[in-house]
Amino acid sequence: MIQVQDIHKSFGKLKVIKGVSFDVNKGEVVCIIGPSGSGKSTILRCINGLETYQRGAILIEGAKVDPADRSITSIRTQVSMVFQRFNLFPHRTALENVMEGPVFVKKVSRTEARDEAAELLDKVGLGDKLGAYPGKLSGGQQQRVAIARALAMNPKAILFDEPTSALDPELVGEVLAVMRDVAAEGMTMVVVTHEMEFARAVADRVLFLEGGAIVEQGSPQEVLRNPQHPRTQDFLHRVIHPME
Amino acid sequence: MGFWERAADYLPLLMEGVWLTLVVTFFSVLLSTLLGFVWAVMTWTRIPILVGISRGFVTIIRGIPIIVQLFYIYFVMPEIGINLSAMQAGIIGLGIAYSAYQAENFRAGIEAIDKGQIEAAHSIGMTDQLVMRRVIIPQAIRIVLPPYGNTIIMVLKDSSLVSTITVAELTRQGQLIAASTFDNMTVFTLVALIYLALSLPLTFLTRHLEKRYSQA
């Protein structure tokens with residue numbers, strides 16, 4: 001469904017991605033972990049066409065992701081994205097945020113879009129916040145609206161870019177719970193995260209990225225419980241025992 | 001005859017001027033808004049040639065006095081075969097001159113919108129055009145409106161410059177009456193009061209908007 005083939009990317013002289021390849025199959029949940037600056041978010045942004053890449057190819061069901069090409073808008077309707085800082089539209093209510101894509105991009109009728117949006121917000125536990133503006137919602141609530149907004153596009157896959165990193169600790173759980181539900185319904189997901197518990201419980205596959213390259217990949221059992229590469233071991237050790 | 005009797009004599013002629021002042025102001029603001037928006041969007045696209053044209057234009061316009069621009073359009077253009085009425089030349093001149101200030105204002109408004117929102121809009125498949133219409137403009141308006149009010153006031157006052165290219169607006173009418181009656185005191189006091197009366201409502205509206213949006 002998503003094919004990342006030997007991607008290279010640099011910002012000026014700085015090489016941030018040095019030949020990354022992986023496939024994501026339909027219905028699969030892939031978690032990308034790794035230290036900050038390892039290129040995790042950049043890869044996700046490349047898949048969504050928010051960043052260009054210099055070499056290699058990214059294919060979504062066979063169609064090449066090229067930010068400079070007109071086709072990018074139709075590819076983006078098939079792959080939604082959830083951002084670290086939610087990025088809701090502050091001048092629109094929760095309901096309007098969710099309706100925006102269906103009404104203006106997919107040209108769904110307003111009544112139909114409104115019903116669907118209300119249903120989705122109810123699903124993420126915000127059935128009572130339809131008319132609330134993002135400024136009146138907590139971070140966890142905002143991120144759940146953002147997930148509903150991504151779902152409203154009826155995408156083939158959703159990319160999550162550190163969806164809980166900007167949240168107060170007590171709000172992380174509610175977002176992860178929603179993500180787990182979405183995964184359980186068979187959504188294809190690529191999740192950049194520092195939440196090892198989530199990766200362990202929900203991921204089908206975990207990629208460990210460092211220095212712009214995949215160091216190790218495999219099932220959560222393999223990568224998280226029994227990492228083979230010393231750099232993976234070191235990273236996990238520091239994440240799990242930060243005080244040592 | 002006291003001030004008010006004389007004022008009553010001059011007022012009908014001055015009011016003809018007021019009408020033209022309002023017409024010049026209205027169309028100059030309209031033109032400067034449209035052009036200013038074009039320059040601002042050209043910068044926003046980040047396409048080098050468009051950015052270059054926009055920047056270059058704004059720089060040139062801001063570096064030349066408005067009155068010289070008006071002379072150029074009214075007196076020089078006919079030499080290359082473009083004949084405009086004084087009214088047309090005045091509106092085009094002021095409109096172009098103020099488009100440079102409008103562009104700066106609009107650019108600031110557009111750039112104040114958080115990049116993350118624009119990315120989010122792109123990520124649900126919005127085209128640049130749709131992002132502009134649904135995400136940027138509705139929010140930028142709040143930022144742009146108070147300075148926009150100030151610009152209208154400035155255009156209103158600077159519309160007096162078109163008197164120099166023979167448009168019989170308020171200032172020009174005043175000059176004509178003063179020249180024939182030698183009653184400079186009454187005439188120009190009236191002219192000043194009329195400009196003030198026209199700009200005060202705009203000043204209050206602008207202040208009101210500034211207050212309202214600084215709270216939001």
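**Exercise 1. Place Ala178(B) in its chain and work out what surrounds it.**

Step 1: Start with the element. Ala178(B) sits in helix 7 of chain B, residues 170-181. Here helices (H or I, at least four residues) and strands (E, at least two) are DSSP runs, numbered from the N terminus.

A quick word before going on: this is a predicted model, where local features need pLDDT of at least 70 and side-chain atom pairs count only at pLDDT 80 or more, while totals for chains, interfaces and linings use all residues. Residues are numbered from 1 along each chain as its sequence is written, chains are lettered from A and ligands numbered from 1 in the order in which they are written, and side-chain values use heavy atoms, with hydrogens and water left out.

Step 2: Is Ala178(B) buried or exposed? With a relative accessibility of 5%, Ala178(B) counts as buried. The cut-offs are under 20% relative accessible area for buried, over 50% for exposed, and partly exposed in between (1.4 Å probe, protein chains only).

Step 3: Look for partners. Setting aside neighbours within four places in sequence, Ala178(B) is in contact with Asp183(B), Asn184(B), Val187(B) and Phe188(B); contact means heavy atoms within 4.5 Å. For Phe188(B), ten residues along the chain from Ala178(B), the C-alpha atoms of the two are separated by 7.9 Å.

**Exercise 2. Do the same for Ile61(B).**

Step 1: Ile61(B) belongs to helix 2 of chain B, residues 48-62.

Step 2: At 11% relative accessibility, Ile61(B) counts as buried.

Step 3: Which residues does Ile61(B) touch, not counting those up to four places away in sequence? They are Gln69(B), Ile96(B), Ala97(B) and Ala100(B). Check Tyr98(B) too: its C-alpha atom and that of Ile61(B) are separated by 8.6 Å, with their positions 37 residues apart along the chain.

**Exercise 3. Sketch chain B as a whole.**

Step 1: Count the elements. Chain B has eight helices and zero strands, so to speak α-α-α-α-α-α-α-α from the N terminus on.

Step 2: Get the dimensions. The C-alpha trace of chain B spans about 75 × 50 × 25 Å along its principal axes.

Step 3: Check cover and surface. Chain B has 216 residues, and 44% of them count as buried. The chain exposes about 11100 Å², with carbon and sulfur atoms supplying 69% of that; these areas come from the Shrake-Rupley method with a 1.4 Å probe, and for residues only the protein chains shown count as cover.

Step 4: How far along the sequence do contacts reach? Take the contacts in chain B between residues at least 6 apart in sequence: 76% of them join residues at least 24 apart.

**Exercise 4. Find the aromatic pairs and describe two of them.**

Step 1: Search everything. Over all chains, the whole structure holds nine aromatic pairs. Rings of Phe, Tyr and Trp (its six-membered ring) pair if their centres lie within 6.5 Å; planes under 30 degrees apart count as stacked, over 60 as edge-to-face and the rest as tilted.

Step 2: Take Phe37(B) and Phe106(B). Their ring centres are 6.4 Å apart and their planes stand at 75°, so this pair is edge-to-face. Phe37(B) lies in helix 1 (residues 3-44) of chain B and Phe106(B) in helix 4 (residues 86-111), so the pair ties together parts that are 69 residues apart in sequence. Phe37(B) is partly exposed at 32% relative accessible area, whereas Phe106(B), at 10%, counts as buried.

Step 3: Now Phe71(B) and Phe75(B). This pair is tilted, at 5.6 Å centre to centre and 50° between the planes. Both are in helix 3 (residues 66-76) of chain B, four residues apart, which means they are separated by about one helical turn. Phe71(B) is partly exposed at 33% relative accessibility, and Phe75(B) is partly exposed at 45%.

Step 4: Which residue joins Phe37(B) and Phe106(B) in one aromatic cluster? Tyr148(B) does.

**Exercise 5. Turn to chain A and examine helix 3 and Lys9(A).**

Step 1: Helix 3 of chain A, residues 94-104, is mostly covered, with ten of its eleven residues buried. Among them are Leu95(A), Met99(A) and Phe104(A).

Step 2: What do these buried residues pack against? Their partners are helix 4 (110-123) and helix 5 (139-152) of chain A, together with helix 6 (128-158) of chain B.

Step 3: Lys9(A) is in strand 1 (residues 2-11) of chain A, and at 5% relative accessibility counts as buried.
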